[in-house]
Amino acid sequence: VIRQMGLVYEGKGEFNKALQLYESALKINPDYTVVNQDINRAYNRKYYWYIQLESGEGIFIQTGEYKL
């Protein structure tokens, strides 16, 4: 249920809330490997935009929110 809530928030673009929920799901079940994939995808969606070029190639653009 927690993962599904994270997917809803991620779909709405609320990446911080989605990441919190994914982390909670992982604490409950550390072997839930699909949640690791969800976390990676949400971080990528939060910090990068993927743009498909007319040539068929794609590029990633870093958003301004990214901080080290």
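Residues count as partly exposed when their relative accessible area lies between the buried range, under 20%, and the exposed range, over 50%. In this predicted model, arginine 41 has a relative accessible area of 33% and is therefore partly exposed.

Arginine 41 makes a good starting point for a look at the charged side chains. Its side chain meets that of glutamate 10 in a salt bridge, with an N to O distance of 2.8 Å. This pair links distant parts of the chain, since glutamate 10 belongs to helix α1 (residues 2-11) and arginine 41 to helix α3, 31 residues apart. Glutamate 10 also meets arginine 45 in a salt bridge (3.3 Å, N to O), and here the partners are 35 residues apart. Glutamate 10 is buried, at 2% relative accessibility, whereas arginine 45 is partly exposed at 38%.

Within helix α3, aspartate 38 forms a salt bridge with arginine 41, the closest N and O atoms being 3.1 Å apart. These two residues are 3 positions apart, about one turn of the helix, and aspartate 38 is buried, with a relative accessible area of 1%. Through shared partners, salt bridges join Arg3, Glu10, Asp38, Arg41 and Arg45 into one network. The structure holds 5 salt bridges.

Helix α3 (residues 33-47) also packs against helix α2 (residues 15-28), at an angle of about 165 degrees and with the axes 10 Å apart. Angles over 145 degrees count as roughly antiparallel, so α2 and α3 are roughly antiparallel to each other. Their crossing is left-handed. The residues of this contact divide into 9 nonpolar, 2 polar and 5 charged.

Notes. Residues are numbered from 1 along each chain as its sequence is written. This is a predicted model: local features need pLDDT of at least 70, side-chain atom pairs count only at pLDDT 80 or more; totals for chains, interfaces and linings use all residues. Side-chain values use heavy atoms; hydrogens and water are left out. Axes are lines fitted to C-alpha atoms, for helices over the stretch in contact, and angles run from 0 to 180 degrees between N-to-C directions. Helices (H or I, at least four residues) and strands (E, at least two) are DSSP runs, numbered from the N terminus. Angles under 35 degrees count as roughly parallel, over 145 as roughly antiparallel, 65 to 115 as roughly perpendicular and the rest as oblique. A crossing is left-handed if the near helix is turned anticlockwise from the far one by less than a right angle, and right-handed if clockwise. Ala, Val, Leu, Ile, Met, Phe, Trp, Tyr, Cys and Pro count as nonpolar, Asp, Glu, Lys and Arg as charged, and the others, Gly among them, as polar. A salt bridge is a side-chain nitrogen of Lys or Arg within 4 Å of a carboxyl oxygen of Asp or Glu. Buried means under 20% relative accessible area, exposed over 50%, partly exposed in between (1.4 Å probe, protein chains only).
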